[in-house]
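Please look over the model shown here before reading on. The paragraphs that follow lead through its helix packing, its buried positions, its cysteines and its backbone geometry.

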Amino acid sequence: MFDFHGTVAQVESLTRSVEFAADRCGVTLPEYRSTVLADALGALGWVGSGLPAKVLPHFAAAWADRDLTSMDHREAFVGLASQTSGAFDGFAEAVYDRMCSPEGWVVYPDTIPTLRTLREANIPIALVSNIGFDLRPVVKHLGFDDLIDHWILSYEIGWAKPEPAIFREACLRLETDPEECLMVGDSLVDAEAKDLGCRTYLLPHTPAGEIVGLDAVPRILGL
C-alpha cells in the first residue's frame, strides 16, 4: 500500500504554480514577485511546503472534511490560498486548479523503478490516499498508472486515514491479510495502519525531483 502525495509524487515547485496561476489570470509578474507569492503561499502550509496549514474559522469545517468530498476539498484549499498576502484576483482558484491537474505534479525518481520491481515480483499494489479529487489522470500523466492494481481514494470510499476502515478496505481489495501488508507513507496518519496489523515504512519530507527513499521497499519485503 502506497500513499500518494509525499510518497510517490510531489507537487511542483510553488513558484511554478504561481506562474501558472498568473498566466491563467492574465497577470504579468516580475520574477521576484512570483517568488514572493510562492513563499507566502508556502508559509500558509500549502501542499508541498511541509508546514502545518493555517486554517481560519470560516473554512475550518470544510478543512476537517476536505478529503471526504470534492466540494469540501475545493472550499478548504481555496480558503487557505485566499490568505496569500499580495495575491491577485483569481489567484486562489487558479493555484487550486493547478494542484488538481496532472501537470501540477512531479513523480519521484525512485517511484517507477520501485513499483516495477514489485510488479515483477507479482506483489499487488494499492494506492491509498487522503484526497478530494481523482488521482487516476494524475498518475497516468506521471507514467505509472499501469503499476497500480487498486485505487483507495478517501473521497470515493468515505473514509480517510487514520481511520482503520480505509486500510482494511485496501487489504480486502488486495486479498491479503493486514499482517502481510506494508503501508508506505510520509506521515503519522499512514503509520496508523500498524493498529490493523500492517507493517509501516515512513519517508522523510522530500522536495520534488529528489530521491525519496522508495528503493528500500523491495529490501523490506525481502526482494
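Helices (H or I, at least four residues) and strands (E, at least two) are DSSP runs, numbered from the N terminus. The model is a predicted one, in which local features need pLDDT of at least 70 and side-chain atom pairs count only at pLDDT 80 or more, while totals for chains, interfaces and linings use all residues. Residues are numbered from 1 along each chain as its sequence is written, and side-chain values use heavy atoms, with hydrogens and water left out.

A starting point is helix α5 (residues 91–99), against which helix α4 (residues 70–81) packs at an angle of about 125 degrees, with the two axes 8 Å apart; axes are lines fitted to C-alpha atoms, for helices over the stretch in contact, and angles run from 0 to 180 degrees between N-to-C directions. This angle makes α4 oblique to α5, since angles under 35 degrees count as roughly parallel, over 145 as roughly antiparallel, 65 to 115 as roughly perpendicular and the rest as oblique. The crossing of α4 and α5 is right-handed, a crossing being left-handed if the near helix is turned anticlockwise from the far one by less than a right angle, and right-handed if clockwise. On the α4 side, the contact (heavy atoms within 4.5 Å) is made by Ser70, His73, Arg74, Phe77, Val78 and Ala81, and on the α5 side the participants include Phe91, Val95 and Met99. The residues of this contact divide into eight nonpolar, two polar and three charged, where Ala, Val, Leu, Ile, Met, Phe, Trp, Tyr, Cys and Pro count as nonpolar, Asp, Glu, Lys and Arg as charged, and the others, Gly among them, as polar.

Helix α1 (residues 14–24) also packs with α5, at an angle of about 120 degrees and with the axes 9 Å apart, and α1 and α5 are therefore oblique to each other. In α1, Arg16, Ser17, Val18, Phe20, Ala21 and Arg24 meet Phe91, Ala94, Val95, Asp97 and Arg98 of α5, a contact whose residues divide into six nonpolar, one polar and four charged.

Further along, threonine 114 lies in helix α6 (residues 111–120) and counts as buried at 3% relative accessibility; buried means under 20% relative accessible area, exposed over 50%, and partly exposed in between (1.4 Å probe, protein chains only). Leaving aside neighbours within four places in sequence, threonine 114 is in contact with Leu214, Asp215, Val217 and Pro218.

In helix α9 (residues 164–174), the buried residues are Ala165, Ile166, Phe167, Glu169, Ala170, Cys171 and Leu174, and they pack against β3 (126–129), β4 (150–153), α8 (154–157), β5 (182–185) and α10 (188–191). The structure holds zero disulfides, a disulfide being a pair of cysteine sulfur atoms within 2.5 Å. Cysteine 171 is in no disulfide, and the nearest cysteine sulfur, that of cysteine 181, is 3.7 Å away.

The backbone geometry of the loops completes the picture. In the loop between α8 and α9 lies proline 162, which a cis peptide bond, with omega of about 15 degrees, joins to lysine 161. Just after α9, glutamate 175 takes a positive phi of about 55 degrees, and at 73% relative accessibility glutamate 175 counts as exposed. Asparagine 122, placed in the loop between α6 and β3, has a positive phi near 60 degrees and counts as exposed at 69% relative accessibility.
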